[in-house]
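Okay, everyone, thanks for making time. Let me put the structure up on the screen, and then I'll walk you through it.

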Amino acid sequence: MCGIIGIVSNAPVNQLLFDGLTLLQHRGQDAAGILTCENDRLFLRKENGLVKDVFHTRHMRQLLGNMGIGHVRYPTAGCDSSAEAQPFYVNAPFGIALGHNGNLTNVDELREAMRVVDRRHINTNSDSEVLLNVFAHELAEVAGVTPTTADVFKAISGVHRRVKGAYAVIGLLAGQGIFAFRDPWGIRPVCYGQRKSKDGFTEYMIASESVAIEASDFELIRDLAPGEAIFITSDGKVSLQQCAENPKYTPCIFEYVYLARPDSIIDDVSVYRARMRMGEKLAAKIQREWQDHDIDVVIPIPDTSRTAALEIAFNLNIKYREGFVKNRYIARTFIMPGQEMRKRSVRQKLNAIDLEFRGKNVLLVDDSIVRGTTSGEIIRMAREAGARKVYMASAAPPVRYPNVYGIDMPAAKEFVAHEREVDEICKTIGADRLIYQDLSDLIESVRMGNPALKDFDCSCFTGEYVTGDVNRCYLDALASQRGDKNKKSESDNRSRDIVAVGLYNVQ
């Protein structure tokens with residue numbers, strides 16, 4: 001899960017890119033980067049940290065140009081060295097920069113092909129750098145002295161033929177324009193919008209989520225379709241083309257459960273409305289299977305579950321209360337590297353309001369339960385605050401399988417639902433009762449917003465991988481590479497002093 005953004009304007013775009021990345025900060029808190037273009041010169045600033053910490057006034061002043069791209073990083077492939085912050089850059093052919101949201105499932109094969117066949121050097125462990133070099137090679141194969149729009153689309157078609165997995169990509173061709181494309185399954189989101197400047201020039205923005213577009217005073221046009229690409233020249237000419245064979249719409253359903261902001265529209269589905277329907281469906285399940293419940297109050301685990309919790313309380317005619325105060329200066333625990341760090345951060349992140357718990361039977365509502373670390377700690381906090389009984393409801397089904405498409409769910413054994421039934425999970429996290437959303441209800445909650453969406457990537461719930469290339473060997477290797485122990489080792493040994501090479505690095 002990362003955030004990508006790109007802008008073409010007739011005025012400097014540095015501030016717009018900064019503001020857009022801030023709106024996408026929830027998609028990645030590990031690193032941030034902005035690359036801009038003035039004439040044929042590229043200017044880059046990227047580093048580990050939040051957007052507000054990476055970019056200071058001195059950096060912004062040096063990010064020159066009327067077009068540029070940006071990225072916020074959440075690590076799933078590679079380590080968290082600043083060298084792996086994005087965008088990445090290669091100078092041949094033409095000067096190309098690229099940022100990527102997702103995860104490539106055949107990255108080892110591609111990396112070897114880069115070395116043996118394409119004769120390209122990969123400098124990091126990031127699959128995004130591999131993706132950039134695949135695109136660069138494909139463009140070099142088809143383009144003449146100056147790349148045309150048709151050349152860009154041909155190169156993207158070549159990427160689709162070679163690359164497997166999930167990818168939403170934003171890129172920049174020095175002096176030419178910006179491009180974006182989406183994988184043939186539409187797993188990761190990307191959309192674009194426009195607005196008129198005061199002098200009549202039509203400016204364009206491409207972003208992971210519509211909130212970055214609309215909150216920047218652009219008009220949302222639409223999402224890119226699976227396999228579709230867009231190229232916007234530096235003078236504002238827009239071209240779109242389907243570049244994949246046999247594309248299929250299977251967006252990641254976890255975007256609606258947790259990843260996206262509630263004020264975003266993804267594939268014509270309001271994330272907020274989808275979460276409302278998740279709450280309605282879950283309330284109906286409680287009424288159906290637990291008619292004699294003794295719930296006194298519904299309390300959300302902030303922030304993502306608030307919408308569903310409100311609907312549960314309304315439909316059950318039970319009081320809704322805010323029982324936890326959130327420290328907004330603590331990062332999202334779901335995307336923290338390592339179990340120990342996640343566990344330690346829960347109590348720093350949340351504090352219980354005793355009055356809302358004391359002597360009550362409480363239904364805590366969360367968007368999902370993955371490793372169970374957060375849930376167990378929060379249930380203990382509720383009991384310490386005086387709750388008589390603590391029930392837990394999840395707006396998503398049990399997470400039992402790794403997500404290989406860009407979410408940090410690599411090892412099945414790390415999941416609390418791994419090889420456990422609901423009663424066992426309930427006991428493990430310390431709840432008095434546990435209610436999970438049914439998968440069919442979750443799918444229907446999203447599909448009601450756009451009936452044209454027939455299928456979704458639900459692999460973390462079902463173990464069925466839409467790209468068709470994920471097997472047990474792959475999953476075992478992934479678990480070995482990205483388990484919590486390995487993350488801790490990488491964290492202990494990483495280098496934070498590496499400076500990216502190539503172009504005009506803004507320091």
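Let's start with I407, which sits in the loop between β21 and α13. Those labels come from DSSP runs: helices are H or I runs of at least four residues, strands are E runs of at least two, and both are numbered from the N terminus. Is I407 buried or exposed? It counts as buried, because its relative accessibility is 1%. The cut-offs are under 20% relative accessible area for buried, over 50% for exposed, and partly exposed in between, with a 1.4 Å probe and protein chains only. I407 also has a partner from far off in the sequence: G102 is 305 residues away along the chain, yet the two C-alpha atoms are 7.7 Å apart.

Before I go on, a word on what you're looking at. This is a predicted model, so to speak of local features we need pLDDT of at least 70, and side-chain atom pairs count only at pLDDT 80 or more, while totals for chains, interfaces and linings use all residues. Residues are numbered from 1 along each chain as its sequence is written, and side-chain values use heavy atoms, with hydrogens and water left out.

Staying in that same loop, have a look at E419, between β21 (389-394) and α13 (422-429). E419 has a positive phi of about 55 degrees, and it is not a glycine. For background, most residues other than glycine have a negative phi, and most peptide bonds are trans. With a relative accessibility of 71%, E419 counts as exposed.

There's another one like that at D217, where phi is near 70 degrees, again positive in a residue other than glycine. You'll find D217 in the loop between α7 (210-214) and β11 (219-223). D217 is exposed too, at a relative accessible area of 59%.

Now for the peptide bonds. Q86 and P87 are joined by a cis peptide bond, with omega about 10 degrees. P87 is in the loop between β4 (67-73) and β5 (88-90). Then there's the bond from P302 to D303, which is cis with omega near 5 degrees. D303 belongs to the loop between β16 (297-300) and α10 (306-316).

Okay, over to the start of the chain. G3 is part of strand β1, residues 3-8. G3 counts as buried, because its relative accessibility is 0%. What does G3 touch, if we skip its neighbours within four places in sequence? It is in contact, meaning heavy atoms within 4.5 Å, with L24, R27, G70, H71, V72 and S208. V298, on the other hand, is 295 residues along the chain from G3, and their C-alpha atoms are 32 Å apart.

For a residue on the outside, try K454, in the loop between α14 (439-447) and α15 (459-462). K454 is exposed, with a relative accessible area of 56%. From K454 to V325 is 129 residues along the chain and 39 Å between C-alpha atoms.

How many disulfides does the structure hold? It holds 0, where a disulfide is a pair of cysteine sulfur atoms within 2.5 Å. C2 is in none, and its nearest cysteine sulfur, on C252, is 13 Å away. C460 is in none either, and there the nearest cysteine sulfur, again that of C252, is 6.6 Å away. C460 counts as buried, because its relative accessibility is 2%, and C2 counts as buried at 6%.

Let me zoom out to finish. The protein has 17 helices and 23 strands. Its C-alpha atoms fill a box of roughly 75 × 50 × 45 Å along the principal axes. With 507 residues, a compact globule would have a radius of gyration near 23 Å, and the protein has 23 Å, which agrees. That radius is taken over C-alpha atoms, and the globule rule is 2.2 Å times the number of residues to the power 0.38. Of the 507 residues, 61% count as buried. Among contacts between residues at least 6 apart in sequence, 71% join residues at least 24 apart.

And a last word on charge: there are 63 positive and 66 negative side chains, and the centres of the two sets lie 3 Å apart. Lys and Arg count as positive, Asp and Glu as negative, and His and the chain ends are not counted. Each charge is placed at NZ of Lys, CZ of Arg, CG of Asp or CD of Glu.
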